[in-house]
Amino acid sequence: MGSAKPFQNIVGKEFWSNEVTQLMHDNHGVVNICQEAIDRHLTGPLRHAVAIRYIDPSWPKNPQSIQEMTYQELATESYKMANALKSLGVKKGDVLFTLSPRIPELYIAAMGALRMGVVFSPLFSAFGPEPILARMKKGKGKILFSSASLFRKKVLPILGSLPFLEHILLIDDDGSLEDIKKAINFRDLIRTADPSPILEPTSPDDVALLHFTSGTTGEPKGAVHVHQAVVYHKISGRFALDLRPQDVFWCTADPGWVTGTSYGIISPLCNGATLLIDGAEFNPARWYEILKTFKVDVWYTAPTAMRMLMRAGDDLAKSYNFSHVRFVASVGEPLNPEVIEWAQENLHLSLHDNWWQTETGGIIICNDSGLDLRPGSMGRPVPGLEVALIKAHQGGKITFATEPGEQGEIAIRKNWPSMFKGYLDNPERYAKSFVGDWYLSGDVAKRDNDGYFWFVGRQDDVIKTSGHLIGPFEVESILMEHPAVLESAVIGIPDPVAGEMIKAFVVLKKGFASTQEQKLNILSHARIHLGVAIAPREIQFIDNLPKTRSGKIMRRLLKARELGLPEGDLSTLESNYGAP
Ligand code: ATP
Ligand code: MG
């Protein structure tokens with residue numbers, strides 16, 4: 001190891017391992033996510049508090065469109081789910097996949113599975129048959145929870161290739177699936193199931209969750225997580241999202257992605273909050289109405305969603321009063337200062353960026369409620385973690401970036417409770433993610449004098465031009481400050497002189513013309529603010545940026561198309577980005 005010391009951010013190095021030990025002590029060795037999320041509240045004042053408030057897509061027209069479940073009711077439903085699984089012969093360690101709209105039953109299925117020690121692996125409902133097949137095959141899914149309509153469209157065509165699948169639990173079974181032997185009507189199953197309390201005595205290291213990464217940089221990887229992660233979900237939610245008992249909490253990420261599970265289900269339940277679940281697709285006016293009508297206290301969303309709200313216009317945003325919202329956080333992509341300023345001006349809300357990955361299982365760097373915001377910074381590490389920036393490593397010798405402003409790969413000292421325990425079927429890739437005691441994230445950042453982290457870019461996206469290492473985020477943020485620019489993505493293109501030259505793809509705001517003059521105007525804005533060396537040399541207007549279904553810009557696809565290279569895995573590409 002190098003002699004320089006990594007940055008210290010430690011509130012007791014043993015904090016997280018002590019928390020796990022304490023939980024084991026409290027529960028006589030049993031550590032189970034469902035126990036912490038639900039059972040823990042059943043003897044206290046939260047027993048009759050609302051755990052889930054579901055908003056049906058028919059809201060607000062239909063007065064019956066809101067459904068509520070208390071912690072006690074959620075417990076009972078999850079007992080039934082767990083007992084039903086047991087009666088089907090399902091065992092600890094078997095894998096349950098879900099492919100479902102956001103409905104209360106999805107949350108019951110998840111909790112019931114975890115309660116039984118069954119591994120929960122959520123799929124995003126907009127996936128087509130191929131991505132579903134790839135994931136379910138890799139995960140050896142034994143049970144599937146889905147809706148009849150999604151199943152018919154997406155799973156039926158691949159059913160023959162899923163030899164491990166033994167039970168198919170369907171909501172809204174319309175009777176037309178009678179011929180499918182393994183299909184069971186979920187609601188009938190639950191209605192007749194044993195409601196007696198049940199809990200599989202899982203240990204901290206038993207596998208609990210299987211999450212697939214977004215596929216932004218290549219083929220999605222299956223990250224394995226264990227039950228002790230719950231300790232991290234709970235406390236990091238309290239710290240980084242300011243979650244408190246009985247808060248109305250809205251996480252806009254679908255449970256098909258890690259955010260939608262770690263912080264869309266587990267953390268808020270552990271903290272005694274009310275999960276607000278919207279069954280409908282994104283719609284700016286609806287989102288504003290939900291924030292207002294349901295008096296959201298804490299809102300966890302993503303930069304892409306914020307940019308879509310910006311696209312819907314200032315007037316719409318300004319027509320609401322969100323003074324009841326106490327805390328707003330964002331994750332998934334860099335949060336451009338321009339977006340923070342827009343939200344401040346138009347929604348009167350402060351957006352708190354935080355950074356983490358499927359592999360980390362929980363928030364690692366954040367702007368917590370007590371930290372002064374520095375727009376463009378991801379904030380500081382969660383207490384009890386050691387987060388360093390690694391400049392280089394070779395043969396086990398590590399060189400850390402220790403000076404303010406120095407760039408390095410974000411690395412976390414291993415073995416925090418929600419750290420992933422493997423990549424499915426890929427032990428080599430897993431081993432490569434570590435050097436010495438450190439997990440290597442693949443993302444590059446800098447740190448300022450006060451320990452705030454600033455995102456530079458993914459290692460794969462960093463551009464080397466004329467001897468500089470340029471992160472796309474810095475360039476994109478400046479482009480977004482131009483009044484005509486809604487979104488942008490920059491890539492490096494091989495250049496004989498500079499090594500790489502920067503090309504920017506720009507989506508214009510409504511009402512701005514894609515003329516040559518506009519291009520020159522944006523280029524000159526970039527040169528003034530970034531300098532000639534870092535400013536893009538070329539701009540191309542584009543209607544939409546290629547994004548993953550979890551909302552991340554796929555710069556690798558822009559680059560592949562630009563250079564005529566193979567496009568790689570596109571299983572998570574959002575459908576509104578067409579062929580060239
Ligand atoms: P894959 O690993 O398959 O390429 P992915 O890395 O996009 O996909 P996720 O685990 O869903 O899959 O996303 C984590 C990544 O998202 C981080 O490594 C980082 O690049 C990006 N990210 C998340 N939060 C932030 C943030 N606040 N600022 C900048 N980037 C972020
Ligand atoms: Mg990744």
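# A guided look at charges and strands

Guide: Welcome! Lysine 510 is found in the loop between β27 and α16 (516-530); helices (H or I, at least four residues) and strands (E, at least two) are DSSP runs, numbered from the N terminus. This is a predicted model, where local features need pLDDT of at least 70, side-chain atom pairs count only at pLDDT 80 or more, and totals for chains, interfaces and linings use all residues. Residues are numbered from 1 along each chain as its sequence is written, chains are lettered from A and ligands numbered from 1 in the order in which they are written, and side-chain values use heavy atoms, with hydrogens and water left out.

Visitor: Is lysine 510 buried or exposed?

Guide: Buried means under 20% relative accessible area, exposed over 50%, and partly exposed in between (1.4 Å probe, protein chains only). Lysine 510 has 69% relative accessibility, so this residue counts as exposed.

Visitor: What distance separates the C-alpha atoms of lysine 510 and threonine 213?

Guide: Along the chain, lysine 510 and threonine 213 are 297 residues apart. In space, their C-alpha atoms are separated by 32 Å.

Visitor: How many salt bridges does the structure hold?

Guide: To count as a salt bridge, a side-chain nitrogen of Lys or Arg must be within 4 Å of a carboxyl oxygen of Asp or Glu. One network of such bridges links Asp242, Arg244, Asp247 and Arg326. For the structure, the count is 31.

Visitor: Which residue forms a salt bridge with lysine 138?

Guide: The closest N and O atoms of this pair are 3.4 Å apart, and the partner of lysine 138 is glutamate 219. Lysine 138 sits in helix α5 (residues 129-139), while its partner, 81 residues away, is in the loop between β8 (207-212) and β9 (222-226). Lysine 138 is partly exposed at 24%, whereas the exposed partner, at 52% relative accessibility, is glutamate 219.

Visitor: Which residue meets glutamate 500 in a salt bridge?

Guide: Glutamate 500 belongs to strand β27 (residues 499-508), and its partner, 59 residues apart, to helix α17 (residues 555-563). Glutamate 500 counts as buried at 13% relative accessibility, while the partner is partly exposed at 25%. Their N to O distance is 3.2 Å, and the partner is lysine 559.

Visitor: Why does the salt bridge of lysine 503 and glutamate 562 tie together parts that are apart in sequence?

Guide: The closest N and O atoms of lysine 503 and glutamate 562 are 2.9 Å apart. Lysine 503 is buried, with a relative accessible area of 2%, and glutamate 562 is partly exposed at 31%. The pair ties together parts 59 residues apart in sequence because lysine 503 lies in strand β27 and glutamate 562 in helix α17.

Visitor: How many residues of β8 are buried?

Guide: β8 runs antiparallel to β9, and 5 bridges join them; two strands pair if DSSP finds at least two bridges between them. Valine 207 stands opposite valine 226 in β9. β8 is mostly covered, and of its 6 residues the number buried is 5.

Visitor: Which helices each supply at least two residues of the negative patch?

Guide: The patch of negative charge on the surface gathers Asp314, Asp315, Glu341, Glu345 and Glu481. Patch residues have over 30% relative accessible area and no salt bridge, with like charges joined within 9 Å. Glutamate 481 lies in the loop between α15 (472-480) and β26 (485-495). The helices asked for are α12 (314-318) and α13 (337-346).

Definitions and conventions. Patches are made of residues with over 30% relative accessible area and no salt bridge: like charges are joined within 9 Å, nonpolar side chains (Val, Leu, Ile, Met, Phe, Trp, Tyr) within 5 Å. Accessible areas come from the Shrake-Rupley method with a 1.4 Å probe; for residues, only the protein chains shown count as cover. Lys and Arg count as positive and Asp and Glu as negative; His and the chain ends are not counted. The place of a charge is taken as NZ of Lys, CZ of Arg, CG of Asp or CD of Glu.
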